[in-house]
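Subject: Handover of a structure and a summary of findings

Dear colleague,

I am passing on to you the structure shown below. Please keep it open while you read the notes that follow it.

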Amino acid sequence: MNKFFKFGLSFIVAVILITFIKPYVDDYNEQKQYDFKINTIDGEITKDSFKDKYLAIYFGYTFCPDVCPTSLSSLAQALNSFPKEKTKDFIGLFISVDPDRDTLKNLKEYASYFHPNFIGATSNKENIDDITARYKSYYKKIELENSAMGYSVSHTSYIYIFDKNGKFRAKVDHFSDPAKIKETLEEILK
């Protein structure tokens, strides 16, 4: 009976500890999954650089003929539907998966073309590979024979949205129209 009581008590203590510790472990794992360190023309940034800011991250490249401009335009259009005061703390981060062609200067110009709150950034291939893998995103260089471009980049097209606490809140695909993106942002910008 005494062994049963000790086992039961140990079990109850373990359940209580797990219940209290699990949220901290989950937060740590999420932070680790979505963390990054990349470069902009203005210097190195990390996810922590955006504390107390809403953040939308999009992976793409500036030579993209259609998907990237459409996605960034849709996000910008959704943002522009809110009063400026409501979106002043919202940052769009365009991370290039084509560091061979996309310079930091070009990325700054490209991102800010879509919205003044958008930032362009990139890193070396190894770092980009690590970040996209943790975000469960994908990209691959596709050689184009007889093309002045030389190659294209096939990639997934998602907007990853984080709240002011850095918590992941939504993953919106590029097929979403600005109204759907606005609906998602309304939930976060409350």
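Strand 8 and strand 9 form a hairpin, with 5 residues between them. Within the turn, Gly 166 has a positive phi of about 80°. Please bear in mind throughout that this is a predicted model.

The two strands of the hairpin pair in the antiparallel sense over 5 bridges. One residue to find here is Phe 162, which stands opposite Phe 168 in strand 9. Strand 8 is mostly covered, as 4 of its 5 residues are buried.

The sheet

The hairpin belongs to an open sheet of 5 strands with the order 5-4-3-8-9 and mixed pairing. Which strands lie at the edges? They are strand 5 (118–121) and strand 9 (168–173), each of which pairs on one side only. On average, neighbouring strands of this sheet are turned by 20° against each other, direction ignored.

As background, strands of a sheet pair through backbone hydrogen bonds, either parallel or antiparallel. Both senses can be found around strand 3. With strand 8, strand 3 pairs in the antiparallel sense over 4 bridges, and Tyr 58 stands opposite Ile 159 in strand 8. With strand 4 (residues 90–96), strand 3 (residues 54–60) pairs in the parallel sense over 7 bridges. There, Ile 57 has Leu 93 of strand 4 as its bridge partner.

The helices around the sheet

Helix 4 (residues 104–114) lies across strand 4 and strand 5, and runs at about 155° to strand 5.

In helix 5 (residues 125–134), the buried residues are Asn 127, Ile 128, Ile 131 and Thr 132. Why do they count as lying on the same side of helix 5? They cover an arc of only 125° around the axis, and this places them on the same side. The general rule is that an α-helix has 3.6 residues a turn, so residues three or four places apart point the same way. The cover over the buried residues of helix 5 includes strand 1 (37–40), strand 3, strand 4 and strand 6 (139–143). On the face turned away from the buried side, helix 5 carries the exposed residues Glu 126 and Ala 133.

Both ends of helix 5 deserve a look. Asn 124 caps the N-terminal end, with a side-chain oxygen 3.2 Å from the backbone nitrogen of Glu 126. Just after the helix, Lys 136 takes a positive phi of about 60°.

Helix 6 (residues 178–188) has as its buried residues Pro 178, Ile 181, Thr 184, Leu 185 and Ile 188. Seen down the axis of helix 6, these residues fall within an arc of 120°, so they line one face of the helix. They pack against strand 3, helix 2 (67–80), strand 4, strand 8 and strand 9.

Aromatic residues

How many aromatic pairs does a search of the whole structure find? It finds 13. In one of them, the rings of Tyr 34 and Phe 162 have their centres 5.2 Å apart and their planes at 75°, so the pair is edge-to-face. This pair links distant parts of the chain: Tyr 34 is in helix 1 (residues 2–34) and Phe 162 is in strand 8 (residues 158–162), 128 residues apart. Both Tyr 34 and Phe 162 are buried.

The rings of Tyr 113 and Phe 114 also form an edge-to-face pair, because their planes stand at 85°, with the ring centres 5.2 Å apart. Is Tyr 113 buried or exposed? At 68% relative accessibility, Tyr 113 counts as exposed, whereas Phe 114 is buried, with a relative accessible area of 13%.

One aromatic cluster is formed by Tyr 34, Phe 59, Tyr 135, Tyr 158, Tyr 160, Phe 162 and Phe 168. Phe 162 and Phe 168, which stand opposite each other in the hairpin, are thus both to be found in this cluster.

A residue in strand 7

Finally, Ser 152 lies in strand 7 (residues 151–155). Ser 152 is buried, because its relative accessible area is 18% and the cut-off for buried is under 20%. Leaving aside residues up to four places away in sequence, Ser 152 touches Tyr 61, Arg 101, Lys 140, Lys 141, Ile 142 and Leu 144. With Tyr 61 there is a polar contact between the two side chains, at 3.0 Å.

Yours sincerely,
A colleague

Notes: Residues are numbered from 1 along each chain as its sequence is written. This is a predicted model: local features need pLDDT of at least 70, side-chain atom pairs count only at pLDDT 80 or more; totals for chains, interfaces and linings use all residues. Side-chain values use heavy atoms; hydrogens and water are left out. Buried means under 20% relative accessible area, exposed over 50%, partly exposed in between (1.4 Å probe, protein chains only). A polar contact is a pair of N or O atoms within 3.5 Å; within protein, one must be able to donate a hydrogen and the other to accept it, and residues adjacent in sequence count only if both atoms are side-chain atoms. Contact means heavy atoms within 4.5 Å. Two strands pair if DSSP finds at least two bridges between them. Axes are lines fitted to C-alpha atoms, for helices over the stretch in contact, and angles run from 0 to 180 degrees between N-to-C directions. The arc is that of the directions from the helix axis to the C-beta atoms. Rings of Phe, Tyr and Trp (its six-membered ring) pair if their centres lie within 6.5 Å; planes under 30 degrees apart count as stacked, over 60 as edge-to-face and the rest as tilted.
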